[in-house]
Amino acid sequence: MFEARLLQGGLLKKVLDSIKDIITEGNFDCSPNGLSLQAMDSSHVSLIDILLESEGFEHYRCDRNIPMGLNITNLVKMIKCAGSEDIVTIKCEDKPDNVTFLFESKDNDKISDFEMKTMTIDDEHLLVPDQTYTAVVKMPSAEFQRLCRDMAAIGDTVNISVTKEGVRFSTTGDMGTANITVRPNPSGDQKEEERTEVQITEPVSAGFALRYLNSFTKATPLSPTVTLGMVPNLPIVVEYKIADMGHVRYYLAPKIEDEENAVEA
Amino acid sequence: MFEARLLQGGLLKKVLDSIKDIITEGNFDCSPNGLSLQAMDSSHVSLIDILLESEGFEHYRCDRNIPMGLNITNLVKMIKCAGSEDIVTIKCEDKPDNVTFLFESKDNDKISDFEMKTMTIDDEHLLVPDQTYTAVVKMPSAEFQRLCRDMAAIGDTVNISVTKEGVRFSTTGDMGTANITVRPNPSGDQKEEERTEVQITEPVSAGFALRYLNSFTKATPLSPTVTLGMVPNLPIVVEYKIADMGHVRYYLAPKIEDEENAVEA
Amino acid sequence: MFEARLLQGGLLKKVLDSIKDIITEGNFDCSPNGLSLQAMDSSHVSLIDILLESEGFEHYRCDRNIPMGLNITNLVKMIKCAGSEDIVTIKCEDKPDNVTFLFESKDNDKISDFEMKTMTIDDEHLLVPDQTYTAVVKMPSAEFQRLCRDMAAIGDTVNISVTKEGVRFSTTGDMGTANITVRPNPSGDQKEEERTEVQITEPVSAGFALRYLNSFTKATPLSPTVTLGMVPNLPIVVEYKIADMGHVRYYLAPKIEDEENAVEA
């Protein structure tokens, strides 16, 4: 059987909000190490990788690996019924037909339980890339969200160029061209989470579909910062860390480069 | 003639907001005792009962009973034009073709008057039930509103079961089952309006259409608490008290019970 | 060439917001005196007149008159990408194919530049009336906005009557009649921007299409007060001053008067 108790139920809501626009169903893999999910979006262009480590739960028991196939859309509806301050317990049998979500309010005067039907989802064997990135940018997640939204109003593709001087986001559409350059901040007077930090071994530049980047930024409430990892000709990773528990990561392949998208630095 | 002056014009807005999604026209009955309205929704399933006692008005004069037939939709549009801090005066003749609503701002620098055409509405003789309830639940109105909205995302019907231990709201839909149990709070550390109180002579359980309960919760701004009164096989009453003036009450017949909806306590 | 640097980039956003629902393209006229725009709405009923004087810019250089034809809809999209605290610089050549908008964040860690294509727009020779008004009303812009919105829920045309006693807004629709009278406030206890002031040489009354007045109130964020200027049988001017820089003015011809709209004071 599987049973896990999480003190911040709101966290579960945020995790689901970060994927609900990308996938409609998914296999949550329960293992002794934690709860994880890997899935591709319906057009098989981007990849989601979620990890919630067992240590992050108040109580965690998992006797054997259990795939928990759930309809994400329904799960989101169900979990909306719980308060964001509630304590959540997830329970199921080894080969579950149902998964139970139990929500307890802090002062224990309201208890909600949801019994959700499971579904069988064909497991895709996904190879989540694990590698060293040529360029790593850490920036405020709200700023990255705003950038992606703004760029999407102008063009379909954003070119992201990372150099020591900063990160340049560029897009072109019918109406003209927009460039936004974010510079690494001097580490002095800002809070760590408001700083932009760039670490590169060599400059990198690639173009990405804004539609996907925009959907990734639904994870913004999970973390005050986002980390972008880039390697030439390989997918970008957009990572939101979940404090003391794990992460939500998104992978997206670059658009095939043409001259317009080449490094201009 | 009829003339009534109410210091809190915002109250009139809230009363209209509490019925505007249920009825499109209604007869306001002006009598020496106060202003009242009884009406069924267009599908004749639920019943609204409003009372604003004459004592609650700053000035109240009503020489004889006057039915004031008004288009609620238009009335709501008109009254939106008044500030919620305004003083309102309602005036009409004994057999009115028009009703005048006069709004004065607190500092008297803005005066709005609206002249609305009346309409003839066939009076239904409604028998508003007056009885002793087997179970009475008083709970925060905002929590009841949230519960009804959340349940409606999952199913069409909510089963409400009241026992000494508390109130259980249950619903079932395609995606699964949800139960929310609200326990009576110890009367010590919470404000009266945040407490849930249960008074029963015997446990009661019945199912109700969430669509109607949800529309009733439009009255939430009228009162910090709501009272549910239940008797086996009879309509539930959902009451919002209006301080020093009266109430807005809704009556809704239970769904015909099947096994699923039977008392599970 | 033309180059102008404005410390409050947010001001440019507000100016564009005030016209974007009325015109989709426009010629900004750059001259040594400042940046201006005159345009009629697409139905040629109302007229916009914008002036941003050169003195209001931190830096302003304009060697000769340059018409800068721009697609307003696209410009609004572009400028949304800039922060409202940003410093904006507008640059173009004498016969520009492109106009560059450069936005710098206050702490200089984010730089955005937008290059917009210009378009050729047939210049209409507009005669913006310059005259003495029979009645001038200065009132809080938020209150005027609310009035126009509220009146539009009831009728299509508002009759504005100005007398020494105040301003009366009246409208009639299927559901009835509404009158809102705003009185000039005693100048004592209110902030200047909360006062209503009336200056008249004789009473004036005229009817105006609410659809246009409502679109003018998009300029509300530009100024805490609005000034209405009226002359019998001539267009009303609705003016929003831009502190230390200029104004956004709208002109709208009165509806042909019938008895209903005549002065009732």
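Let's start with strand β7 of chain A, residues 87-92. Five of its six residues are buried, so this strand is mostly covered. Keep in mind throughout that we are looking at a predicted model.

What does β7(A) pair with? One partner is strand β1 of chain A, residues 2-6. Five bridges join β1(A) and β7(A), and the two run antiparallel. Within this pairing, Leu6(A) stands opposite Val88(A). Another partner is strand β8 of chain A, residues 98-104. Again there are five bridges, and again the strands run antiparallel. Here Ile87(A) has Glu104(A) as its bridge partner. β7(A) and β8(A) also form a hairpin, with five residues between them.

Now to the contact between chain A and chain B. On the chain A side, 19 residues take part; on the chain B side, 18. Together the two chains bury about 1500 Å². Carbon and sulfur atoms carry 47% of that area. How many salt bridges does the rule find across this interface? Zero. Polar contacts are there, though: eight residue pairs, with both residues at pLDDT 80 or more.

Which elements of chain A give two or more residues to this side? They are α2, residues 72-80, and β9, residues 110-117. β9(A) gives the most, with eight residues. Sort the chain A side by class and you get six nonpolar, four polar and nine charged residues.

β9(A) also pairs across the boundary. Its partner is strand β13 of chain B, residues 176-182. Seven bridges join the two strands, and they run antiparallel. To place this on the structure, find Met116(A): it stands opposite Gly176(B) in β13(B).

Next, the contact between chain C and chain B. Chain C puts in 18 residues and chain B puts in 19. The buried area is about 1500 Å², with 47% on carbon and sulfur atoms. Which residues of chain C lose the most area to chain B? Arg146(C), Met175(C) and Arg183(C). Together these three account for 37% of what the chain C side buries.

The salt bridge count between chain C and chain B is zero. The count of residue pairs in polar contact is eight, both residues at pLDDT 80 or more. On the chain C side, α3 (141-152) and β13 (176-182) each supply at least two residues. β13(C) has the largest share, seven residues. By class, that side holds six nonpolar, seven polar and five charged residues.

Strands pair across this boundary too. Strand β9 of chain B, residues 110-117, is joined to β13(C) by seven bridges. The two run antiparallel. One spot to look at is Asp113(B), whose bridge partner in β13(C) is Asn179(C).

Let's go inside chain B. Why is helix α1 of chain B, residues 9-17, described as largely enclosed by the rest of the structure? Because seven of its nine residues are buried. The buried ones are Gly9(B), Gly10(B), Leu11(B), Leu12(B), Lys13(B), Val15(B) and Leu16(B). Note that a lysine, Lys13(B), is on that list.

Staying in chain B, look at Ser205(B). This serine lies in strand β15, residues 204-209. Is Ser205(B) buried or exposed? Its relative accessible area is 7%, and the cut-off for buried is under 20%, so Ser205(B) counts as buried. Its side chain makes polar contacts. One is with the side chain of Asn159(B), at 2.9 Å. Another joins Ser205(B) to the side chain of Ser161(B), at 3.1 Å.

Last stop, chain C. Cys62(C) is found in strand β5, residues 59-62. Its relative accessibility is 11%, so Cys62(C) counts as buried as well, by that under-20% cut-off. What does Cys62(C) touch, leaving out residues up to four places away in sequence? Met1(C), Phe2(C), Cys30(C), Ser31(C) and Pro32(C). Now compare Lys91(C). Cys62(C) and Lys91(C) are 29 residues apart in sequence. In space, they are 9.9 Å apart, C-alpha to C-alpha.

To wrap up, three things to find on the model. In chain A, β7(A) is mostly covered. Between chains A and B, β9(A) pairs with β13(B). Between chains B and C, β9(B) pairs with β13(C).

Technical notes. Residues are numbered from 1 along each chain as its sequence is written. Chains are lettered from A and ligands numbered from 1 in the order in which they are written. This is a predicted model: local features need pLDDT of at least 70, side-chain atom pairs count only at pLDDT 80 or more; totals for chains, interfaces and linings use all residues. Side-chain values use heavy atoms; hydrogens and water are left out. Contact means heavy atoms within 4.5 Å. Buried area is the accessible area (1.4 Å probe) that two parts lose on being put together, summed over both. A salt bridge is a side-chain nitrogen of Lys or Arg within 4 Å of a carboxyl oxygen of Asp or Glu. A polar contact is a pair of N or O atoms within 3.5 Å; within protein, one must be able to donate a hydrogen and the other to accept it, and residues adjacent in sequence count only if both atoms are side-chain atoms. Helices (H or I, at least four residues) and strands (E, at least two) are DSSP runs, numbered from the N terminus. Ala, Val, Leu, Ile, Met, Phe, Trp, Tyr, Cys and Pro count as nonpolar, Asp, Glu, Lys and Arg as charged, and the others, Gly among them, as polar. Two strands pair if DSSP finds at least two bridges between them. Buried means under 20% relative accessible area, exposed over 50%, partly exposed in between (1.4 Å probe, protein chains only).
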